[in-house]
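Trainee: I would like to request a close look at a single part of this structure. Please take one helix pair and describe how the two helices pack.

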Amino acid sequence: MGLWASILGNVLLFCLVFGMSATVDVRSIHTQVRNIRALSTGLFCQFLVLPFLGFLVVRFMELEESLGITLLVVTSSPGGSYSNWWCSLFNADLALSVTMTALSTVLSMVFLPLNLLFYTKMAYNKQEDDDLVANLDWSSLFTALAIVTCAILLGLTLSAKVHNVRFQHFANGLGNAAGLMLIIFSATMTNTGDSDSKIWSRNWSFYVAVSGPCLGGLILANILATLAQLPKPERVTVAIECCYQNVGIATSLALTMFQGEDLNVAMGVPFFYGVVEALFVGIFCLGAWKFGWTKAPANASLCDVLFISYELLELEAQAAAAKDVDGSSSNPNTKGGGGTIEVVDSNKTSQKQQKDKEGYVLMDDDNRSATSDTKKPSVSTPPPTATTKTSTTTPKDTKKKKRWARKGLLDDSIQNDSNV
């Protein structure tokens with residue numbers, strides 16, 4: 001049962017991270033890699049702020065070793081895959097979330113052991129702490145990090161190669177489904193087995209100690225992101241990435257480090273932290289959406305927010321706008337985008353264009369008579385000095401623009417253009 005549970009958990013973890021990564025357009029990743037201010041703020045919160053908050057709780061509340069060390073492992077393990085799920089679910093900046101998850105996963109291979117070594121000695125200051133750190137299951141730790149890294153690389157590679165909106169919608173649905181299944185699976189596994197101490201019968205200090213770093217990290221990350229003047233969807237992403245930790249690593253390490261009553265105490269830490277972070281992040285995301293901090297319109301229904309990826313709709317709208325611009329710029333006699341009325345100066349057009357579009361005939365040199373070299377209009381009216389041209393819009397394009405307009409992705413000018 002333990003082997004199959006481990007395999008199933010890793011498969012769901014891979015599907016979750018892969019689905020979220022494949023949803024992101026690679027061009028957005030390229031943009032976010034250069035977003036130094038947002039990345040540096042997020043990584044600072046992940047590797048310095050939250051581990052330090054965990055140390056303060058362990059130190060000043062004088063927690064026992066099984067509880068305190070497991071809490072230090074939790075607060076030192078960023079890159080929680082559910083952070084991508086929450087950012088996708090409530091339409092925060094998913095590209096920034098995936099980028100931060102990828103970077104924090106790689107950096108965790110260095111900073112996680114360093115934070116554990118440093119804060120364990122600082123919190124307990126005992127000689128036997130060396131044995132505790134040496135007994136950590138480093139293989140399980142690096143296995144989880146490798147799974148997340150491979151899922152991110154594969155998802156981004158397929159997103160770049162396929163580059164299809166339908167595939168991105170499928171990947172987004174796969175990631176959301178895997179995230180929900182992983183939550184149910186984790187809750188089932190945590191409450192399976194004979195545990196003498198149930199999660200709801202602990203001392204009050206347990207609940208305060210475990211929930212304190214999560215709530216503190218969420219608040220401090222918002223303050224730092226606001227001081228850094230990040231866009232509002234990026235602030236939401238930074239806050240989620242700061243407090244949402246990889247509790248699976250702490251669960252694996254607790255199983256190998258402790259036994260008996262200490263194991264029961266230690267196993268409750270990642271489970272309750274997972275419950276707390278889901279509760280706090282869920283409330284925070286709902287508030288951020290209603291206050292207009294996410295990409296979803298504040299007046300949209302909750303079902304639309306949860307089941308529609310507004311980041312993908314934005315990508316569709318941007319691609320359509322770019323296509324309109326490319327189509328109009330390919331004609332040298334037109335100016336402006338599709339759906340607008342353009343005026344073409346006849347003085348700047350060639351004789352062939354005038355012959356085709358203006359309705360009067362110009363005689364070229366071979367057919368010109370000896371007595372006349374003037375224009376002979378085919379109609380009684382004089383040649384116009386300007387001509388109008390309207391770009392046509394297909395019913396399919398009109399349907400798309402109306403759908404984007406309902407989701408708040410088109411401004412008034414574009415909406416009016418679609419009705420011309």
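Mentor: The following account treats one helix pair, then one residue within the contact, and finally the nonpolar core.

The model is a predicted one. Two packed helices are described by the angle between their axes and the distance between the axes. Helix 3, which spans residues 36-61, packs against helix 11, residues 232-243, at an angle of about 25°, and their axes lie 9 Å apart. Helix 3 is therefore roughly parallel to helix 11, since angles under 35 degrees count as roughly parallel. The crossing of helix 3 past helix 11 is right-handed. On the side of helix 3, the contact is formed by Ala 38, Thr 41, Gly 42, Cys 45, Gln 46 and Leu 50; helix 11 contributes Glu 234, Val 238, Glu 241, Cys 242 and Cys 243. By class, the residues of this contact comprise six nonpolar, three polar and two charged.

Within this contact, Thr 41 merits separate attention. Thr 41 belongs to helix 3, and it counts as buried because its relative accessibility is 12%, the limit being under 20%. Neighbours within four places in sequence aside, Thr 41 is in contact with Val 238 as well as Leu 224, Ala 225, Ala 228 and Leu 230.

The nonpolar core completes the description. The largest such core has 91 residues, of which Trp 86 and Ile 240 touch the most other members. Helix 13, residues 260-290, gives the most to this core, with 13 residues. When residues up to four places away in sequence are not counted, Trp 86 touches Ile 240, Tyr 244, Ala 278, Val 281, Gly 282 and Cys 285.

Terms used
Residues numbered from 1 in each chain as written. Predicted model: local features only at pLDDT ≥ 70, side-chain atom pairs only at ≥ 80, totals over all residues. Heavy atoms only, no water. Axes fitted to C-alpha atoms, helices over the stretch in contact; angles between N-to-C directions. Helix = DSSP H or I, 4+ residues; strand = E, 2+ residues; numbered from the N terminus. Parallel < 35°, antiparallel > 145°, perpendicular 65-115°, else oblique. Left-handed = near helix turned anticlockwise from the far one by under 90°. Contact = heavy atoms within 4.5 Å. Nonpolar A, V, L, I, M, F, W, Y, C, P; charged D, E, K, R; others polar. Core = buried A, V, L, I, M, F, W, Y, C linked by side-chain atoms within 4.5 Å. Buried < 20%, exposed > 50% of the residue type's maximum accessible area, 1.4 Å probe, protein only.
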